[in-house]
Amino acid sequence: MEIKLLTLGKILGVLVVIVLVLGGGWWGVRTFLTLPTPTPTPTPIPDGRETAVAALTAFLSMDVSEGQDAWVARLCDLAGGEDTNGCAYAHLMAEVYWPNVLRDKKRLGYEAQEAVLVRDFGDGRQVWKVSGTAKDLNTGETKPGEFHVAVVREGDAWRFDHVLLPQEVEALEANP
C-alpha cells in the first residue's frame, strides 16, 4: 500500500491543527476560567470602642433596685477583674455616687449614640469620647452628654480603666 506524499501532508496538517487547538484550549481554560487564589484577609485588631461604650453605659446606668454591688460588679467585669485599676475606680466612685442614688432612689439609664477616638497612645491605651443620652427611669427625663473613657489593652481584649475627670480632659486637649 502506497501513501501519497500529499495525503501524508494532510494528515500532518490535521495533527498540527489538533495540537494547536488542544494547546490553545488548555491555555484558555487556565487563563480565563481558573479562579484566582484568594488572598487571606488579615484579621483587623479591634480597637477599644466597644469597651468604652459598654463601660460608660454601665457607669451611667445606676439603679437603686439593682444595688451598688451589682453596679460595681458590672464595671469590674468590664475592667477585667478585681485586681485592676478600672475595678478600683468603680469601688471609689461607688463611695461617691451611691449615697445619692440611695437617698434619691435614682434609676438611671444611658444609651450611647457615638464614640470617637480622641487619643491612641500606641502602648495599649486609648481615650474615647462617647456621646449619648442619659435617662431618668423614674421621670422619663432625658439629658444628652458626652464623656471621655480610658481603656487599656490586655492581650487581645480591651478593658475599662476609668472615666476621665474634667481636669484630665483639659490636659488631654491641651497636649494634642
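Which residues do ring pairs link into a cluster? This note takes up that question after a short look at the whole chain, and the reader should keep in mind throughout that the model is predicted.

1. **The chain as a whole.** The protein chain contains five helices and four strands, and along the sequence these elements follow the pattern α-α-α-α-β-β-β-β-α. Of the 176 residues in the protein chain, 28% are buried. When contacts between residues at least 6 apart in sequence are considered, 51% of them join residues at least 24 apart.

2. **The aromatic cluster.** The answer to the opening question is that ring pairs link Phe 59, Trp 71, Tyr 89, Tyr 97, Trp 98 and Phe 160 into a cluster. The structure holds five aromatic pairs, and one of them is formed by Phe 59 and Trp 71, whose rings are tilted, with 5.7 Å from centre to centre and 40° between the planes. This pair links distant parts of the chain, since Phe 59 belongs to helix H2 (residues 49-60) and Trp 71 belongs to helix H3 (residues 68-79), twelve residues apart.

3. **Burial of that pair.** Are Phe 59 and Trp 71 buried or exposed? Phe 59 has a relative accessibility of 4%, and therefore counts as buried, while Trp 71 is also buried, because its relative accessible area is 0%. The cut-off behind both statements is that a residue is called buried when its relative accessible area is under 20%.

4. **The largest nonpolar core.** Phe 59 and Trp 71 appear again in the largest nonpolar core, which has 28 residues; the members that touch the most other members are Leu 56, Phe 59, Trp 71, Leu 75, Val 130, Val 149 and Phe 160. Two or more residues of this core come from each of H2, H3, helix H4 (85-104), strand E1 (108-120), strand E2 (125-136), strand E3 (142-154) and strand E4 (157-163). Helix H4 gives the largest share, seven residues. There is also a second, separate core of five residues, and among its members are Val 127, Ala 150, Val 169 and Leu 172.

5. **Val 130 as an example.** To see what a core member touches, the student can select Val 130 and leave out residues up to four places away in sequence; its contacts then include Ala 52, Val 53 and Leu 56, together with Tyr 110, Ala 112, Phe 147 and Val 149. The list of contacts is not purely nonpolar, for Glu 114 and Glu 146 are also touched by Val 130.

6. **The sheet.** The four strands form an open sheet in the order E1-E2-E3-E4, with antiparallel pairing. E1 and E4 are the edge strands, each of which pairs on one side only, and the twist from one strand to the next averages 35°. Helix H2 packs on this sheet and touches E1, E2, E3 and E4, and the direction of H2 makes about 145° with that of E1.

7. **How the strands are joined.** Eleven bridges join E1 to E2, and E2 and E3 likewise pair over eleven bridges, whereas six bridges join E3 to E4. Individual partners can be picked out in the model: Tyr 110 has Ala 134 in E2 as its bridge partner, Lys 135 stands opposite Thr 142 in E3, and Glu 154 is bridged to Ala 157 in E4.

8. **The two hairpins.** E1 and E2 form a hairpin with four residues between them, and Gly 122 in the turn has a positive phi of about 80°. The hairpin of E2 and E3 has five residues between the strands, and here Gly 140 takes a positive phi near 85°. A further side-chain feature involves Arg 125, whose charged end sits over the ring of Phe 121, 4.2 Å from its centre.

9. **A buried cysteine.** Where is Cys 87 placed? Cys 87 lies in helix H4, and it counts as buried because its relative accessibility is 0%. Apart from residues up to four places away in sequence, Cys 87 touches Cys 76, Ala 79, Gly 81 and Glu 82. The C-alpha atoms of Cys 87 and Leu 75 are separated by 6.4 Å, although these residues are twelve residues apart along the chain.

Definitions and conventions:
Residues are numbered from 1 along each chain as its sequence is written. This is a predicted model: local features need pLDDT of at least 70, side-chain atom pairs count only at pLDDT 80 or more; totals for chains, interfaces and linings use all residues. Side-chain values use heavy atoms; hydrogens and water are left out. Rings of Phe, Tyr and Trp (its six-membered ring) pair if their centres lie within 6.5 Å; planes under 30 degrees apart count as stacked, over 60 as edge-to-face and the rest as tilted. Buried means under 20% relative accessible area, exposed over 50%, partly exposed in between (1.4 Å probe, protein chains only). A charge sits over a ring if NZ of Lys or CZ of Arg is within 6 Å of the ring centre and within 35 degrees of the ring normal. A nonpolar core is a set of buried Ala, Val, Leu, Ile, Met, Phe, Trp, Tyr and Cys residues joined through side-chain atoms within 4.5 Å. Contact means heavy atoms within 4.5 Å. Two strands pair if DSSP finds at least two bridges between them. Axes are lines fitted to C-alpha atoms, for helices over the stretch in contact, and angles run from 0 to 180 degrees between N-to-C directions.
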